[in-house]
Amino acid sequence: MFSKILIANRGEIACRVIKTAKRLGIKTVAVYSDADTNALHVDLADEAIRIGKAPSSQSYLLGETIIQAAKKTGAQAIHPGYGFLSENGDFAELCAENGVTFIGPPSSSIRAMGSKSAAKSIMEKAEVPLVPGYHGDDQDPALLKQAADEMGYPVLLKAVAGGGGKGMRQVWSGDEFNQGFEDARREALASFGNGDMLVEKYLTQPRHVEVQVFCDGHGNGVYLFERDCSVQRRHQKIIEEAPAPDISKELRQMMGETAVRAAQAIDYRGAGTVEFLLDVDGSFYFMEMNTRLQVEHPVTELITGQDLVEWQLKVADNQPLPLEQEQLNIDGHAFEARIYAEDPSNDFLPTTGTLHTLITPEETNNVRIDTGVLQGDEVSPFYDPMIAKLVVWGEDRSAALRRLAKALREYRINGVTTNLSFLYDLATNEAFQNAELDTGFIEKHHAELFKQDGSSVTDNLVFAAVYLHLSSQNESCDDPWSSANAWKMNQANIVSQELEINDTPYLVELELCEHQFGQHGFVVCINEDRLVASATLRGEQLTLTLDGHKRTATVSKDDMGLVIFTDRGASHVNVLEPDLGEDQAGSAENAFIAPMNGTVIELMVEPGATVQAGQAVLVLEAMKMQHTMHAPDHGVVKEYFCKQGDLVDGGSSLLAFEAAE
Ligand code: MV4
């Protein structure tokens, strides 16, 4: 086995590979760009080599530089991870030429799968089922149209050099074929430098089911069952699971054996994934083969109990596969949710920022977090904005899904917009819970998944307003008089706050009511809505009953306002006025604003008297209770603006206090 390997990647997959290498006692070399100087994978590795500037083209894609780093450090093998050079046949060849083991398939296998039509031809010979269609070299449009006419519409035109959904065009009738073909060719030529097309029967509700395969250098090949990755958006996987739901044992075995046959058709070695389209009638068709370890491999690891990186290292070290097919079994069900710095409400555009708050669910045998970042890290604009992969296991799909939803609720990220709320909505979506999966899932359930839920806006406004009021008081004291607060007391016992959600300002008025059963009581007015609320705040945990519906939230402050973490995920509420920064009670000149209407019961010192911090200076009666106000600091009560027996309005200034220098 290797004594030292270099990981030619970054982020979570680099950390993940390092973790297995460490467990096996293998030394690790990380490579990093200027943007990753302080990255977690650099810290975890035994050694690290700077390979260039932040842009991938000037660092992680520099094959020669990476090979030199391996030679410089004496790394005997290179793990490419996924993306970057992981499916680059030239790089695999360069490793071989330099006597460095490429932990992956032979370059010939990579190249064979690089072209869609070449891949299909190979699979056809291996009796791997293909979607009915034409993928020949003859690009005479009449030939492709004839194939389309014969198989029936709709058909799908695909660029031979395309991939990941690029270069595809649906054609729904013979009349539109020629135009569609011309447009698709032109786009493919522009995008890939190759306008060759293939045409297939268009499956309108397929599932994306992929089979994990492993082959060694001794003629052995096994499948480690399948993953369902149908829930995608613009060909970006969002949540993956293993095994695929509602697959019969027979179908599972047939897909598995077909996938192994596909791999052996290209003399495969190492970890590979054969992607199929599974049609509603149970037919399945080869889509493409990925010659790398996939992002979603952890769900396979959790249901088989195997460490696929360890398998990769052993196979690269020319050892036989650790297990035979009969020794592999499915235990339970696993999900992976990809947590991204992206804004689902803004077309999922990537977001950047600092991970001011990054609190993860507790990691156990059933909750795994693969990540490459820590709290305080910047989310880099140079690379894929993945923050972490949340991977959970359960004894069955429902249990695993409940665990996923719980873990998503417990995830706390602030400082950058993430897709956490969207993932939670997906995990708790009824159709998803019923495993009604196909590649059009997101579009089909768009309304539910992207609803601007007014109630969550109201809820978050109330959570924020009540939190601000309660937190502005001394946490341990229920007395609204113990210190002034960040609220404007404008009339009766009403406090108001200007808040903003999604760039929309709201005026929220809280009418302070009697305490009920140890809870603060409020009537909350937002526009025309009046809601009855009661709440308690302990630290950042706010328990709020709103119109009879009790729920909890964790509220944390940042420099713009508040982040409300509820079971609907994280929502940001901007506090427009007044500034949250300095607690009002901390500024003496505002220390004596009457927090609500009341009657002056007693003036405790003479004007001009010097008082100690915390010394009682005035007593008011309000809401049937006596409230003592205290000096916020050592200083002088210069003057009272009221006398005993006066009725004073909430928000009026009661005395002039001057803190000592
Ligand atoms: C298809 C298809 C329907 N019918 N081929 C998308 C990217 C590439 N992996 C192949 N893809 C598809 N090929 C036929 N004949 C639907 C898709 C497809 C898809 C496939 C898997 C996962 C997500 C997808 C999203 C849109 C379309």
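Pro243 sits in the loop between β14 and α9 (249–264), and this is a good place to start reading the predicted model. The peptide bond that joins Ala242 to Pro243 is cis, with an omega of about -10 degrees. Why is a cis bond worth a second look? Most peptide bonds are trans, and most residues other than glycine have a negative phi. A cis peptide bond also joins Tyr153 and Pro154, where omega is about 5 degrees. Look for Pro154 in the loop between α7 and β7 (155–163).

Now let us turn to phi. Asp267 is not a glycine, and yet its phi is positive, about 50 degrees. You will find Asp267 in the loop between α9 and β15 (270–278). Is Asp267 buried or exposed? Its relative accessible area is 59%, and a residue counts as exposed when that value is over 50%, so Asp267 is exposed. Ala435, also not a glycine, has a positive phi of about 55 degrees. Ala435 belongs to the loop between α14 (430–433) and α15 (441–444). With a relative accessibility of 14%, Ala435 counts as buried, because the cut-off for buried is under 20%.

Next come the charged side chains. Side chains of opposite charge can pair when their charged atoms come close. How many salt bridges does the structure hold? There are 38 salt bridges.

Let us visit a few of them. In one, the side chain of Arg111 meets that of Asp90, with 2.5 Å from N to O. Arg111 is part of helix α5 (residues 107–112) and Asp90 is part of helix α4 (residues 89–97), so this salt bridge ties together parts that lie 21 residues apart in sequence. Asp90 is exposed, at a relative accessible area of 53%, while Arg111 is partly exposed, at 39% relative accessibility.

Another salt bridge is formed by Lys120 and Glu200, whose closest N and O atoms are 2.7 Å apart. Here the pair links distant parts of the chain: Lys120 is in helix α6 (residues 116–125) and Glu200 is in strand β9 (residues 197–201), 80 residues apart. Are these two partners buried or exposed? Lys120 counts as buried, at 3% relative accessibility, and Glu200 is buried too, with a relative accessible area of 4%.

A further salt bridge brings together the side chains of Arg338 and Glu240, at 2.6 Å from N to O. Since Arg338 lies in strand β17 (residues 333–340) and Glu240 in strand β14 (residues 239–242), the pair ties together parts that are 98 residues apart in sequence. Arg338 is buried, with a relative accessible area of 6%, and Glu240 counts as buried at 0% relative accessibility. This pair also belongs to a network, in which salt bridges that share partners join Glu12, Glu210, Arg227, Lys237, Glu240, Glu275, Glu296, Glu336, Arg338 and Lys389.

Finally, let us see how some helices pack. You have already met α4 as the home of Asp90. Helix α3 (residues 63–73) packs with α4 at an angle of about 30 degrees, and their axes are 10 Å apart. How are α3 and α4 oriented to each other? Angles under 35 degrees count as roughly parallel, so α3 and α4 are roughly parallel to each other. Their crossing is right-handed. On the α3 side, the contact is made by Gly63, Glu64, Ile66 and Ile67, and on the α4 side by Phe91, Leu94 and Cys95. Sorted by class, these are 5 nonpolar, 1 polar and 1 charged residues.

Helix α7 (residues 141–151) and helix α8 (residues 177–192) pack at an angle of about 125 degrees, with 11 Å between their axes. These helices are therefore oblique to each other. The crossing in which α7 passes α8 is right-handed. To trace the contact, look for Pro141, Leu144, Lys145 and Ala148 of α7, and then for Phe177, Asn178 and Phe181 of α8. By class, the contact of α7 with α8 is made up of 5 nonpolar, 1 polar and 1 charged residues.

Notes
Residues are numbered from 1 along each chain as its sequence is written. This is a predicted model: local features need pLDDT of at least 70, side-chain atom pairs count only at pLDDT 80 or more; totals for chains, interfaces and linings use all residues. Side-chain values use heavy atoms; hydrogens and water are left out. A salt bridge is a side-chain nitrogen of Lys or Arg within 4 Å of a carboxyl oxygen of Asp or Glu. Helices (H or I, at least four residues) and strands (E, at least two) are DSSP runs, numbered from the N terminus. Buried means under 20% relative accessible area, exposed over 50%, partly exposed in between (1.4 Å probe, protein chains only). Axes are lines fitted to C-alpha atoms, for helices over the stretch in contact, and angles run from 0 to 180 degrees between N-to-C directions. Angles under 35 degrees count as roughly parallel, over 145 as roughly antiparallel, 65 to 115 as roughly perpendicular and the rest as oblique. A crossing is left-handed if the near helix is turned anticlockwise from the far one by less than a right angle, and right-handed if clockwise. Contact means heavy atoms within 4.5 Å. Ala, Val, Leu, Ile, Met, Phe, Trp, Tyr, Cys and Pro count as nonpolar, Asp, Glu, Lys and Arg as charged, and the others, Gly among them, as polar.
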